[in-house]
Amino acid sequence: MVIGLIGMAGIGKSRWAARLTDVGFRALHCDDLIAERLRTIYAADTVTVYDIGRWMGFPYEAHYAERERIYRACEHAVMEEIAERVAGEKNVVIDTTGSIVYLDAALLERLKRCTTMVYLADDADLRVRLLEEYLARPRPIVWNGMYRPRPGETPEATMARCYPQLVRSRAALYRKIADLMIEPQRHRNPAFTVADVLGMIDVWRKAAS
């Protein structure tokens, strides 16, 4: 079984990947793999996911568009490698980026052929918290052209208005590529276990076969 965890940055993908490793899965953390590529490009000693966030910055900064392009190129290369590595493997969980939905259709189809895509969904309350966390501690966010300032609007006000729109638009894309969706009332409930997740996947696989 190869599981791809999809959803917004900060939704809990890494936490669930860690829980799956506790029962024998091997985790592939896409942000870490992208960080390794960026470390090579910039000959840096260390690059973490938070370093990427600071490096990419905010969409109103002059350097953002070019760095978003570089990040997306690294993301595409990493996901191509993962699609090759996991084909035919067992007990692997892929902790994907939030921007996986912007990969080209052919690569997404390759990933879907070898992966069960599990969407960790959000809700209105979570979207407020995700915005607050992003503004306080920027993570690598691909805006994909959805940062659209209005005349006279401050950058902070534009992000506060556009970020929820970004999340809503991605939610529709996550649903489109997901094999199954887990609502936040479940995946954020401490009583909801790895066995519950695997059980949901098993039910889906039997229904799809």
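Which residues have the most contacts inside the largest nonpolar core? They are Met-79, Ile-82, Ile-100, Trp-143 and Tyr-163, in a core of 71 residues. Helix H4 (residues 64-86) gives the largest share of this core, 9 residues. The model is predicted. Two of the core residues named above, Trp-143 and Tyr-163, return below as members of an aromatic cluster.

**Aromatic pairs and cluster**

- The whole structure holds 6 aromatic pairs.
- One of them joins Tyr-60 and Tyr-147, with ring centres 6.4 Å apart. Their planes meet at 45 degrees, so this pair is tilted.
- Tyr-60 lies in the loop between helix H3 (49-56) and H4. Tyr-147 lies in the loop between helix H6 (124-136) and helix H7 (155-177). The two are 87 residues apart, and the pair links distant parts of the chain.
- Burial differs across this pair: Tyr-60 is partly exposed at 35% relative accessible area, whereas Tyr-147 is buried at 14%.
- Trp-143 and Tyr-163 make another pair, with ring centres 6.1 Å apart. The planes stand at 70 degrees, which is over the 60 degrees required, so the pair is edge-to-face.
- Trp-143 is in the loop between H6 and H7, and Tyr-163 is in helix H7. The pair therefore ties together parts 20 residues apart in sequence.
- Both rings belong to buried residues: Trp-143 has a relative accessibility of 1%, and Tyr-163 has a relative accessible area of 2%.
- Phe-58, Tyr-60, Trp-143, Tyr-147 and Tyr-163 form one aromatic cluster.

**Surroundings of Tyr-163**

- Beyond its neighbours within four places in sequence, Tyr-163 is in contact with Met-8, Arg-127, Leu-130, Leu-131, Tyr-134 and Trp-143.
- Trp-143 is thus a contact of Tyr-163 and also its partner in the edge-to-face pair.

**A charge over a ring**

- The charged end of Arg-19 sits over the ring of Trp-16. The distance to the ring centre is 4.2 Å.

**Pocket and cavities**

- The largest pocket encloses about 410 Å³ of space.
- Its lining has 24 residues. Closest to the pocket centre are Ala-9, Gly-10, Ser-14, Tyr-50 and Arg-139.
- Helix H1 (13-21), helix H2 (30-42), H3 and H6 each give two or more residues to this lining.
- How many cavities of 30 Å³ or more does a search of the whole structure find? There are 2.
- The largest cavity has a volume of about 70 Å³.
- Residues lining the largest cavity include Asp-31, Val-49, Tyr-71, Thr-97, Gly-98, Ser-99 and Arg-170. Pro-140, Ile-141 and Val-142 are also among them.
- Ala-9 and Arg-139 line the largest cavity, and both are among the residues closest to the centre of the largest pocket.

**Two individual sites**

- Val-128 is in helix H6. Is Val-128 buried or partly exposed? Its relative accessibility is 48%, so Val-128 counts as partly exposed.
- Val-128 and Ala-9 are 119 residues apart along the chain, with their C-alpha atoms separated by 13 Å.
- Thr-116 is in strand E4 (residues 116-120). With a relative accessible area of 7%, Thr-116 is buried.
- Leaving aside neighbours within four places in sequence, Thr-116 is in contact with Val-2, Ile-3 and Gly-4, and also with Asp-179, Ile-201 and Trp-204.

Methods
Residues are numbered from 1 along each chain as its sequence is written. This is a predicted model: local features need pLDDT of at least 70, side-chain atom pairs count only at pLDDT 80 or more; totals for chains, interfaces and linings use all residues. Side-chain values use heavy atoms; hydrogens and water are left out. A nonpolar core is a set of buried Ala, Val, Leu, Ile, Met, Phe, Trp, Tyr and Cys residues joined through side-chain atoms within 4.5 Å. Buried means under 20% relative accessible area, exposed over 50%, partly exposed in between (1.4 Å probe, protein chains only). Helices (H or I, at least four residues) and strands (E, at least two) are DSSP runs, numbered from the N terminus. Contact means heavy atoms within 4.5 Å. Rings of Phe, Tyr and Trp (its six-membered ring) pair if their centres lie within 6.5 Å; planes under 30 degrees apart count as stacked, over 60 as edge-to-face and the rest as tilted. A charge sits over a ring if NZ of Lys or CZ of Arg is within 6 Å of the ring centre and within 35 degrees of the ring normal. On a 1 Å grid over the protein atoms alone, a cavity is a set of points where a 1.4 Å probe fits but cannot get out, and a pocket is an open set with protein on both sides within 12 Å along at least five of seven lines; lining residues have an atom within 4 Å of a point. Grid points are joined across faces, edges and corners, and a volume is the space filled by probe spheres set on the points.
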